[in-house]
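Subject: Structure handover

Hello,

Here is the structure I said I would pass on. My notes on it follow below the entry.

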Amino acid sequence: MTELAAVKAALKTQAVETPSWAYGNSGTRFKVFAQAGVPRNPFEKLDDAAQVHAYTGVAPTVALHIPWDKVDGSNGYAELAKYAQDRGVKLGTINSNTFQDDDYKLGSVCHADPAVRRKALDHLLECVDIMDATGSKDLKLWFADGTNYPGQDDIRERQDRLAEALAAVYERLGDDQRMLLEYKFFEPAFYTTDVPDWGTAYAHCLKLGSKAQVVVDTGHHAPGTNIEFIVATLLREGKLGGFDFNSRFYADDDLMVGAADPFQLFRIMYEVIRGGGFTPDVAFMLDQCHNIEAKIPAIIRSVMNVQEATAKALLVDREALGAAQRGGDVLEANAVLMDAYNTDVRPLLREVREEMGLDADPMGAYRRSGWASKIAEERVGGEQAGWGA
Ligand code: LRH
Ligand code: MN
Ligand code: MN
């Protein structure tokens with residue numbers, strides 16, 4: 001295979017998971033701007049996700065958030081999985097939610113009250129039951145737990161409570177299932193956060209075992225954090241479970257990935273590839289909210305941004321880079337990396353899409369499809385994602 005053929009082949013195997021909540025209405029705590037045609041239930045979210053996959057060819061799975069995507073009936077989730085399959089997509093990661101109940105004001109699995117901890121744990125175990133029904137492989141855990149004031153609770157004891165809950169969930173996982181622990185440096189708690197950084201997540205996952213992995217949400221770091229270093233380290237330790245991709249300017253902005261800092265996304269993808277992480281064992285998920293832009297095309301754009309960063313990272317001349325690095329040639333090493341970053345990979349990706357039997361221009365193809373006006377007409381009273389009320 002020529003080198004370019006290998007790059008193309010790799011791009012064709014890429015899979016970017018889209019989040020169900022990105023299809024619904026969302027906003028800030030100031031206002032949710034409702035859009036016409038947004039899904040009214042999890043089934044319609046899957047219809048929209050199928051559109052993204054149909055035009056990009058690399059978004060075959062959809063992440064669910066429980067209870068935002070809760071379905072009724074003993075067969076509900078199996079039916080949802082079948083509905084997805086009939087539309088050419090599959091159900092992906094199950095995201096838990098222990099942050100939108102009054103009982104969780106002072107925390108969920110880290111709460112001082114054992115009854116609240118039990119309730120949170122029961123929810124996490126229910127999420128694993130749902131994974132059994134949907135065939136999902138990954139459970140994504142993000143905890144809003146933390147404190148606002150010094151002295152409010154015992155920092156160490158909260159870690160013990162967290163460890164206990166994680167161990168109980170770990171025990172419940174099947175052989176092919178994993179738990180992905182997500183960290184976030186602040187918000188909604190402002191003084192301490194119980195899983196604030198990759199080190200804390202890593203320490204818990206290490207103790208739990210190989211089915212526990214760290215997930216890196218690109219929006220969950222302080223400004224200036226070198227995320228690609230974290231990626232390299234986690235991969236080295238065999239503990240990178242996946243990504244929640246999005247862009248940030250200030251806080252956890254959840255903007256389209258690659259919009260704020262395409263260079264950072266390229267650097268992350270380079271470390272993924274360099275570290276042997278371009279495999280199904282590292283989940284590439286989007287975690288975004290589209291507050292003012294149209295949702296489906298924004299998700300298509302995001303998937304394309306991930307593809308562009310990946311293509312550039314695949315194009316890095318690793319041999320030349322290694323030679324420059326070994327020779328201590330700082331400028332040449334930097335130039336090799338920048339050459340790849342500065343390559344316009346859009347023509348290459350157009351070719352890749354055509355070879356996959358897709359339209360070379362996913363944004364245009366979606367626009368021309370008429371789906372946006374169809375759903376605006378048919379769907380009245382769309383759902384809010386669960387955010388920003
Ligand atoms: C928290 C978070 C986490 C949630 C998602 C909706 O900020 O990144 O992944 O589950 O947003
Ligand atoms: Mn996230
Ligand atoms: Mn987030």
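Strand S9 (residues 240–245) and strand S10 (residues 283–286) run parallel and are joined by four bridges. One of the pairings puts Gly242 opposite Ala283, its bridge partner in S10. Please keep in mind that this is a predicted model.

Both strands belong to a closed barrel of eight strands with parallel pairing, in the order S1-S2-S3-S4-S6-S8-S9-S10. On average, neighbouring strands of this sheet are turned by 30° against each other, direction ignored. Helix H6 (residues 198–208) lies across two strands, S6 (178–182) and S8 (212–217), and runs at about 160° to S8.

Ligand 1

The residues around ligand 1 are Trp21, Asn95, Trp142, Glu182, Lys184, Asp217, Asp244, Asp252 and Asp287. Sorted by class, this shell has six charged, two nonpolar and one polar residues. If you set up charges for the ligand surroundings, the charged names in the list are Glu182, Lys184, Asp217, Asp244, Asp252 and Asp287.

Helix pairs

Two packed helices are described by the angle between their axes and the distance between the axes. Three pairs are listed here on that basis.

Helix H2 (residues 42–56) and helix H3 (residues 76–86) have axes that come within 9 Å and cross at roughly 25°. H2 is therefore roughly parallel to H3, since angles under 35 degrees count as such. H2 passes H3 in a right-handed crossing. Pro42, Phe43 and Leu46 on the H2 side meet Leu80, Tyr83 and Ala84 on the H3 side. The contact of H2 with H3 divides into six nonpolar, no polar and no charged residues.

For helix H9 (residues 295–314) and helix H13 (residues 362–369), the packing angle is about 160° and the axes are 10 Å apart. That angle makes H9 roughly antiparallel to H13, the cut-off for this being over 145 degrees. The crossing of H9 and H13 is right-handed. From H9, Ile296, Pro297, Ile300, Arg301 and Met304 meet Pro362, Met363 and Tyr366 of H13. By class, the contact of H9 with H13 has seven nonpolar residues, no polar ones and one charged.

The axes of helix H10 (residues 318–326) and helix H11 (residues 330–341) come within 8 Å, crossing at roughly 160°. H10 is therefore roughly antiparallel to H11. The crossing of H10 and H11 is left-handed. H10 contributes Ala320, Leu321, Ala324 and Gln325 to the contact, and H11 contributes Glu332, Ala333, Val336 and Leu337. The contact of H10 with H11 has six nonpolar, one polar and one charged residues.

Backbone

Most residues other than glycine have a negative phi, and most peptide bonds are trans. The following are worth a look against that background.

The peptide bond joining Ile66 and Pro67 is cis, with omega about 15°. Pro67 is found in the loop between strand S2 (61–65) and H3. A cis peptide bond also runs from Glu187 to Pro188, with omega near 10°. Glu187 has a positive phi, near 80°, and is a residue other than glycine. Where do these two residues sit? Glu187 lies in the loop between S6 and S7, and Pro188 lies in the loop between S6 and strand S7 (192–193).

Regards

Conventions
Residues are numbered from 1 along each chain as its sequence is written. Chains are lettered from A and ligands numbered from 1 in the order in which they are written. This is a predicted model: local features need pLDDT of at least 70, side-chain atom pairs count only at pLDDT 80 or more; totals for chains, interfaces and linings use all residues. Axes are lines fitted to C-alpha atoms, for helices over the stretch in contact, and angles run from 0 to 180 degrees between N-to-C directions. Angles under 35 degrees count as roughly parallel, over 145 as roughly antiparallel, 65 to 115 as roughly perpendicular and the rest as oblique. A crossing is left-handed if the near helix is turned anticlockwise from the far one by less than a right angle, and right-handed if clockwise. Two residues are in contact if their C-beta atoms, placed from the backbone, lie within 7 Å. A residue is near a molecule or strand if its C-beta atom, placed from the backbone, lies within 6 Å of it. Two strands pair if DSSP finds at least two bridges between them.
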